[in-house]
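Here are my notes on this model, set out as numbered points. Please read them with the structure open.

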Amino acid sequence: MSLTLSDIGRIANLARLELSGAQSETMLTQLNGFFDIVEQMNAVDTTGVEPLAHPTAVIDHVSLRLRPDLASEPNAREANQKSAPAVERGLFLVPKVIE
């Protein structure tokens with residue numbers, strides 16, 4: 001996939017960006033470089049390769065260094081909500097913003 005200057009102009013318009021000609025050229029080069037890398041990655045045959053739950057799962061000594069997923073802070077909801085102007089059933093009540 002390769003972008004053109006008109007594609008860059010359309011993307012800039014959608015993002016509400018005002019790009020000069022030089023900036024558009026730079027953006028075109030950078031985005032096309034990104035798409036080239038993606039095409040190279042898609043060209044790799046990954047048949048039979050199982051997805052990893054975590055990228056370090058294949059390295060035993062690295063996965064051992066990951067900390068366990070345990071709660072480290074006590075539940076202080078009530079203490080935190082004491083200064084709130086309005087609380088109901090453990091939730092902060094805020095004024096309606098959208099009419």
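How many salt bridges does the structure hold? It holds one. The notes below come to that pair after the overall layout. Keep in mind throughout that this is a predicted model.

1. Layout. The chain has four helices and two strands. Read from the N terminus, the order is α-α-α-α-β-β. The helices thus precede the strands in that order.

2. Burial and surface. The chain has 99 residues, and 10% of them are buried. The exposed area of the chain is about 9,300 Å². Carbon and sulfur atoms supply 58% of that area.

3. Contact range. Take the contacts between residues at least 6 apart in sequence. Of these, 26% join residues at least 24 apart.

4. Alanine 12. This residue sits in helix α1, which covers residues 5-14. Alanine 12 has a relative accessible area of 7%, so it is classed as buried. The cut-off for that class is under 20%. Beyond its neighbours within four places in sequence, alanine 12 contacts Leu17 and Leu19. Its C-alpha atom is 9.9 Å from that of methionine 27, a residue 15 places away along the chain.

5. Arginine 16. The loop between α1 and α2 holds this residue. Its phi is near 55 degrees, which is positive in a residue other than glycine. Arginine 16 counts as exposed because its relative accessibility is 75%. The cut-off there is over 50%. I would look at this backbone angle in the display.

6. Asparagine 32. Helix α2 spans residues 21-42 and includes asparagine 32. Is asparagine 32 buried or exposed? Its relative accessibility is 15%, so it counts as buried. A polar atom of its side chain lies 2.8 Å from the backbone nitrogen of leucine 3. Leaving out residues up to four places away in sequence, asparagine 32 touches Met1, Ser2 and Leu3. The polar pair with leucine 3 therefore belongs to a residue that is buried at 15% relative accessibility.

7. Glutamine 81. Helix α4 runs over residues 77-81, and glutamine 81 is part of it. Its relative accessible area is 11%, so glutamine 81 is buried. What does glutamine 81 contact, aside from its neighbours within four places in sequence? The partners are Val87, Gly90, Leu91 and Phe92. Strand β1 covers 87-88, and strand β2 covers 91-92.

8. The salt bridge. Glutamate 88 and arginine 89 form it through their side chains, at 3.6 Å from N to O. Glutamate 88 is partly exposed because its relative accessible area is 42%. Arginine 89 reaches 75%, so it is classed as exposed.

9. Arginine 89 again. This residue is placed in the loop between β1 and β2. Its phi is positive, at about 50 degrees, although arginine 89 is not a glycine. The salt-bridge partner of glutamate 88 is thus also a residue with positive phi.

10. Nonpolar patch. Which residues form a nonpolar patch on the surface? They are Val87, Phe92 and Val94. Together they have about 300 Å² of accessible area. Valine 94 belongs to the segment after β2. With 69% relative accessibility, valine 94 counts as exposed. Two members of the patch, Val87 and Phe92, are also among the contacts of glutamine 81.

Conventions. Residues are numbered from 1 along each chain as its sequence is written. This is a predicted model: local features need pLDDT of at least 70, side-chain atom pairs count only at pLDDT 80 or more; totals for chains, interfaces and linings use all residues. Side-chain values use heavy atoms; hydrogens and water are left out. Buried means under 20% relative accessible area, exposed over 50%, partly exposed in between (1.4 Å probe, protein chains only). Contact means heavy atoms within 4.5 Å. Accessible areas come from the Shrake-Rupley method with a 1.4 Å probe; for residues, only the protein chains shown count as cover. A polar contact is a pair of N or O atoms within 3.5 Å; within protein, one must be able to donate a hydrogen and the other to accept it, and residues adjacent in sequence count only if both atoms are side-chain atoms. Patches are made of residues with over 30% relative accessible area and no salt bridge: like charges are joined within 9 Å, nonpolar side chains (Val, Leu, Ile, Met, Phe, Trp, Tyr) within 5 Å. A salt bridge is a side-chain nitrogen of Lys or Arg within 4 Å of a carboxyl oxygen of Asp or Glu.
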